[in-house]
Amino acid sequence: MLDLLLIPAAVLLLAALWAVRRGEHRLHGHLMTAAFTFIALRLVLHPRDLGPHYPVIWLITLAAAGLTILLGRMALAWREGRSTHSAIPRIHRGFGTVTLVGLALTTLVWLLRNRS
């Protein structure tokens, strides 16, 4: 039942990617942080009878997402002229891509787990 929390997270991720495509970078950051919160909430509420490797996989994925969010804040600062580090948006996009691929694989492993 708690896996239903992944649906709003997926919707938020899609909305965030759509927002950045339209150039609304601040909205993109807010939506990605909300999706991160939903996924972290799902991790906190996980059933205790799961094997120990599932929470570790999710924690690694959430750590990558947190780093990507921090890089996103730095990229937003550059876009708004508050920073001189012009490479940060490229680094943020790279980490974001790796994080989304990791999140997709982690979600696949989570949903295909043996529930016996």
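# Reading the pockets and salt bridges of a four-helix chain

Tutor: Thirty-two is the count to begin with, since the largest pocket is lined by 32 residues, and those nearest its centre are H28, M32, T68, G72 and H92. This is a predicted model, in which local features need pLDDT of at least 70 and side-chain atom pairs count only at pLDDT 80 or more, while totals for chains, interfaces and linings use all residues. Residues are numbered from 1 along each chain as its sequence is written, and side-chain values use heavy atoms, with hydrogens and water left out.

Student: How should I read a pocket, and what volume does the largest pocket have?

Tutor: On a 1 Å grid over the protein atoms alone, a pocket is an open set of points with protein on both sides within 12 Å along at least five of seven lines, whereas a cavity is a set where a 1.4 Å probe fits but cannot get out; lining residues have an atom within 4 Å of a point. Points are joined across faces, edges and corners, and the volume is the space filled by probe spheres set on them. Here the largest pocket has a volume of about 820 Å³.

Student: Which helices supply at least two residues each to the lining of the largest pocket?

Tutor: Helices (H or I, at least four residues) and strands (E, at least two) are DSSP runs, numbered from the N terminus. The chain has four helices and zero strands, and α1 (6-21), α2 (25-44), α3 (53-79) and α4 (88-111) each give at least two residues to that lining.

Student: How does the lining of the second largest pocket divide by class?

Tutor: Ala, Val, Leu, Ile, Met, Phe, Trp, Tyr, Cys and Pro count as nonpolar, Asp, Glu, Lys and Arg as charged, and the others, Gly among them, as polar. In the second largest pocket, with a volume of about 210 Å³, the lining has 10 nonpolar residues, one polar and no charged ones. Its largest share, six residues, comes from α1, and the lining includes L13, I39 and L103. The lining of the largest pocket, by class, has 15 nonpolar, 12 polar and five charged residues.

Student: What is a salt bridge, and how many does the structure hold?

Tutor: A salt bridge is a side-chain nitrogen of Lys or Arg within 4 Å of a carboxyl oxygen of Asp or Glu. The structure holds three. In one of them, E80 meets R26 at 2.7 Å, N to O, and this pair links distant parts of the chain, with E80 in the loop between α3 and α4, R26 in helix α2, and their positions 54 residues apart. E80 also forms a salt bridge with R82, the closest N and O atoms being 2.6 Å apart, and R26, E80 and R82 are thereby linked in a network. E24 pairs with R22 at 2.9 Å between the closest N and O atoms.

Student: Are R82 and E80 buried, partly exposed or exposed?

Tutor: Buried means under 20% relative accessible area, exposed over 50%, and partly exposed in between (1.4 Å probe, protein chains only). R82 is exposed because its relative accessible area is 56%, whereas E80 counts as partly exposed because its relative accessibility is 40%. R26, at 44%, is partly exposed. Of the 116 residues of the chain, 33% count as buried.
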